[in-house]
Amino acid sequence: MANPSPGNSITLRVAAPSSFTATSELAAAVAAAGAAVTALDVTESHHDTLVVDVTCNTTDEAHADRIKDALNALDGVTVQHVSDRTFLMHLGGKLEVVPKVALRNRDDLSRAYTPGVARVCLAIAEDPSAARNLTVKRNTIAVLTDGSAVLGLGNIGPAAALPVMEGKAALFKQFANVDAWPVCLDTQDTEEIIMIAKAMAPVYGGINLEDIAAPRCFEIEKRLRDELDIPVFHDDQHGTAIVTLAALVNALRVVDKKLSEVRIVVSGVGAAGSAIIQLLKAQGAQHIIAAGRSGAIHSGEEYNDEHRAWIAANTNEEGFAGTLHEAMAGADVFIGVSAPHVIGEEQVAAMAEKAIVFAMANPTPEIDPIVASRHAAVVATGRSDFPNQINNVLAFPGFFRGLLDAGASDITPEMLVAAAEAIANRVADDELNASYIVPSVFDPHVAADVAAAVAQAAVAAAHAATASAHA
């Protein structure tokens, strides 16, 4: 895809002749080179020259170089400097720690720190549950990764994963006022990750596992859920599944089809694909075919991976054993959480009438959304520069807000469904259309609605557990 994106935004500082048409000529040259101009600011003015900051969205670094060359080619114009606005945003990191209490004098210091703090320490030593009220624990999440499956970039390691984890923490704070902190571990050993997570758990009210490769992520999540008394949520699995279900509920409303009747093809059987399939099944989907690199998952094959084995036993009841492309013929829904360009226009054209395509590989989808839209009635991606962005930020801030508010120690399927329904319901009947099946990530009500729904489900789960214990 060659769409200019804010993710590749640059600012060029340009010296140009001080003519009446200088800025319009600069804008025209940038536009002719295929970039989207977002700002023109005159920063200096002299008798003969102007210095102008030209800000524009490009497609990649090579495109940015072409923009620079196009401006330098104008008579009397010199590009003095090019700034990558994304790198500038990350300069020095995106997070800081700010005290919630003022330390103005010795009186404040004596209560916030020694000697007064000792009394609080002893209170927690006597009753460890008091830590939830007397420390940051009640509102703090660990965003934990080993850097083994970062975005669509693969195994790039913990240091390279840190900018993503910082961004995640910023989103927690921005959308749900949850304090989150990146925890990037320099190990990809399952036992070490579990040990470290358990050892640091006293500080946190929950753990958000992020960008850990399958199948290791499954065992890590299961073990931590079993062995810790705080909720553990793998966003790549459950966050993606929640928003996918929400989007599909509304997409099916657009095309007037039922979840229990449609044929669904899922490309990708890693963490996200497995969680999506489980949640769709829980909501009543009856006809799902999942495909990995070697084709459809089916019961006629043996799988060493327990998650693929579960998929084989619980989907594809007809035993289809063909390729992904063959599976798409006549399908109502395609959900991609796999790799770029794995399907083409021919496959979408072969789907059923009023087809739905969710091409969510990021940053490059399974198919160009514009191409898919030639045949599909509803198209969604994981990108912010196309309609219907299926973005986990719709789910995880509010989800953890609800868990923390309810003091939950576990996560249930009912909570996942409640979160998906809350997201879907933010799109009113008079707003719903093929280009608007999920609310904006900046809708101020989404996180609060999700939090309330999750908290209610958590309380219901706690009451049910108590009743069962007393039965």
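## The four-stranded sheet and helix 1

Helix 1 (residues 22–32) lies across strand 1, strand 2 and strand 3, and runs at about 25° to strand 3. The model described here is predicted. The strands under helix 1 belong to an open sheet of four strands, ordered 2-3-1-4, with antiparallel pairing. Strand 2 (36–45) and strand 4 (78–84) stand at the edges; each has a single partner strand, so one side of each is left without a neighbour in the sheet. On average, neighbouring strands of this sheet are turned by 20° against each other, direction ignored.

Within this sheet, strand 1 (residues 5–17) and strand 3 (residues 49–58) run antiparallel and are joined by 10 bridges. One position to look for in this pairing is Val14, which stands opposite Val52 in strand 3.

## Helix 7

Helix 7 covers residues 158–176, which is 19 residues. What span should a helix of 19 residues have at 1.5 Å a residue? The expected length is 27 Å, because the calculation multiplies 1.5 Å by one less than the number of residues. The end C-alpha atoms of helix 7 are 26 Å apart, which agrees with that expectation.

Helix 7 also has a kink of about 25°, centred on Val164. Its buried residues are Pro158, Ala161, Met165, Glu166, Gly167, Lys168, Ala169, Phe172 and Ala176. After the helix comes Asn177, which has a positive phi, near 55°.

## Glu221 in helix 9

Glu221 is found in helix 9 (residues 216–227). Is Glu221 buried or exposed? Its relative accessible area is 7%, so Glu221 is buried, the cut-off being under 20%.

The side chain of Glu221 makes a polar contact of 3.2 Å with the side chain of Gln237. Leaving aside neighbours within four places in sequence, Glu221 is in contact with Leu209, Val232, His234, Gln237 and His238.

## The six-stranded sheet

A second sheet to follow is open and has six strands in the order 11-10-9-12-13-14, with mixed pairing. Strand 11 (295–296) and strand 14 (378–381) stand at its edges, each with a single partner strand, so one side of each has no neighbour in the sheet.

Strand 12 (residues 333–336) and strand 13 (residues 356–359) run parallel and are joined by four bridges. Phe334 stands opposite Val357 in strand 13, and the bridge partner of Val333 in strand 13 is Ile356. Strand 12 also pairs with strand 9 in the parallel sense, over four bridges. In that pairing, Val266 has Ile335 of strand 12 as its bridge partner. Both faces of strand 12 are covered: Val333 and Ile335 are buried on one side, and Phe334 and Gly336 are buried on the other.

## Helices packed on the six-stranded sheet

Helix 10 (residues 235–255) lies across strand 9 (263–267), strand 12, strand 13 and strand 14. The direction of helix 10 is at about 155° to strand 13. Helix 11 packs on the sheet as well, touching strand 9, strand 10 (287–292) and strand 12. The direction of helix 11 makes about 175° with that of strand 10.

Ala282 is found in helix 11 (residues 271–282). Which description fits Ala282, buried or exposed? With a relative accessibility of 53%, Ala282 counts as exposed, because the cut-off for that word is over 50%. Ala282 and Ala246 are 36 residues apart along the chain, and their C-alpha atoms are separated by 13 Å.

## Thr381 in strand 14

Thr381 lies in strand 14, one of the edge strands of the six-stranded sheet. Thr381 has a relative accessibility of 1% and therefore counts as buried.

What does Thr381 touch, not counting residues up to four places away in sequence? Its contacts are Ala359, Met360, Pro369, Phe386, Pro387, Asn388, Gln389 and Ile390. Of these, Ala359 falls in strand 13 (residues 356–359). In addition, a polar atom of the side chain of Thr381 lies 3.0 Å from the backbone nitrogen of Arg383.

Notes. Residues numbered from 1 in each chain as written. Predicted model: local features only at pLDDT ≥ 70, side-chain atom pairs only at ≥ 80, totals over all residues. Heavy atoms only, no water. Helix = DSSP H or I, 4+ residues; strand = E, 2+ residues; numbered from the N terminus. Bend = angle between axes of the 7 residues up to and from the residue. Buried < 20%, exposed > 50% of the residue type's maximum accessible area, 1.4 Å probe, protein only. Pairing = 2+ DSSP bridges. Contact = heavy atoms within 4.5 Å. Axes fitted to C-alpha atoms, helices over the stretch in contact; angles between N-to-C directions. Polar contact = N/O pair within 3.5 Å; in protein donor to acceptor, adjacent residues only side chain to side chain.
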